[in-house]
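Biologist: Before we go through the ligand site and one helix residue, could you put the sequence and the model on the screen?

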Amino acid sequence: SLDSQLLVLENVSVHYGQIQALRQFNLTIQAGECVTLIGANGAGKSTTLKAISRLVNLSQGQILYQGRNIQRYRAESLVSFGLAHVPEGRRILSRLTVLDNLKLGAYCRQDWPQIKADLAQQLQFFPRLAERQHQLAGTLSGGEQQMLALARALMSRPKLLLLDEPSLGLAPVIVQEIFRILRELRQQGISLLLVEQNANLALAIADRGYVLESGELIVSGKAQDLAEDQRVKQAYLG
Ligand code: ATP
């Protein structure tokens, strides 16, 4: 039903100058759902996440988050409404400590006792970060930096987490660990919009998926059905 829809993209187009990165894209996410975007390089996956978190402007259409037209709000306001983006490349602040990076994730909040409790909880949830909390973030391994980016996003108490390529460049054992954490977040009721090059991995965790090609929706459906779809298999499941 419309009420349970956390996010709605209606006819969304995005241009970078002359280049059209997204063409009249429609997508919905229900509260508690895990949805994945699949597609080759340049298909428009990152652009979709950037459009949702107000990092790029729409040239057409609209995006509703909890019924609110996101174009009426600044990116920071969206964070305080529970929308958090973990961008590709992680964007942690390498010259700050792990702890200070985590604290920055709560910049939109003012409930200090709760922030402290959440900080303790994240350190418990990510023991590797706890061990390294006083180290500069730039000294962390790739996998640890990805965990820090995730933990920092969780410090904003998101309802919807936008994840751009969380497994990119990581060793398989670390990827397993990241996906174990994502499953746990789902169980906590956090909705996920997951962009992944590894479609097998993405479809294994997602409820539904959308396949994009050159900015256009090719097919969407239940993750299980997509995993068995011939076109999807041939193009993305190797
Ligand atoms: P990737 O896995 O490479 O990030 P993607 O599916 O996320 O792929 P997007 O990054 O959304 O794809 O890019 C969609 C299209 O828009 C591509 O053709 C890309 O070259 C173009 N594009 C993306 N960002 C910009 C930009 N800042 N300026 C110009 N063109 C851009």
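Modeller: A polar contact is taken here as a pair of N or O atoms within 3.5 Å, and the structure shown is a predicted model.

Biologist: How far from an oxygen atom of the ligand does a backbone N or O atom of G44 lie?

Modeller: The cut-off to apply is 3.5 Å between N or O atoms. The pair in question joins a backbone N or O atom of G44 to an oxygen atom of the ligand, and its separation is 2.9 Å.

Biologist: What percentage of the ligand's accessible area does the protein cover?

Modeller: Taken on its own, the ligand has 630 Å² of accessible area. Of that area, the share covered by the protein is 63%.

Biologist: Which element gives the largest share of the shell around the ligand?

Modeller: Two elements give two or more residues to this shell, namely β2 (19-30) and α1 (45-52). K45, where α1 begins, has a polar backbone atom 2.8 Å from an oxygen atom of the ligand. The largest share of the shell, 3 residues, comes from α1.

Biologist: How many residues of the shell around the ligand are charged?

Modeller: Altogether 14 residues surround the ligand, with G42, G44, K45, S46 and T47 as the closest. By class, the shell has 5 nonpolar residues and 6 polar ones, while the number of charged residues is 3.

Biologist: Turning to Q146, is this residue buried or exposed?

Modeller: Q146 lies in helix α6, which spans residues 142-154. Beyond its neighbours within four places in sequence, Q146 is in contact with V86, R90, E165, P166, L170 and I178. Because its relative accessible area is 2%, and the limit is under 20%, Q146 counts as buried.

Methods:
Residues are numbered from 1 along each chain as its sequence is written. This is a predicted model: local features need pLDDT of at least 70, side-chain atom pairs count only at pLDDT 80 or more; totals for chains, interfaces and linings use all residues. Side-chain values use heavy atoms; hydrogens and water are left out. A residue is near a molecule or strand if one of its heavy atoms lies within 4 Å of it. A polar contact is a pair of N or O atoms within 3.5 Å; within protein, one must be able to donate a hydrogen and the other to accept it, and residues adjacent in sequence count only if both atoms are side-chain atoms. Accessible areas come from the Shrake-Rupley method with a 1.4 Å probe; for residues, only the protein chains shown count as cover. Helices (H or I, at least four residues) and strands (E, at least two) are DSSP runs, numbered from the N terminus. Ala, Val, Leu, Ile, Met, Phe, Trp, Tyr, Cys and Pro count as nonpolar, Asp, Glu, Lys and Arg as charged, and the others, Gly among them, as polar. Buried means under 20% relative accessible area, exposed over 50%, partly exposed in between (1.4 Å probe, protein chains only). Contact means heavy atoms within 4.5 Å.
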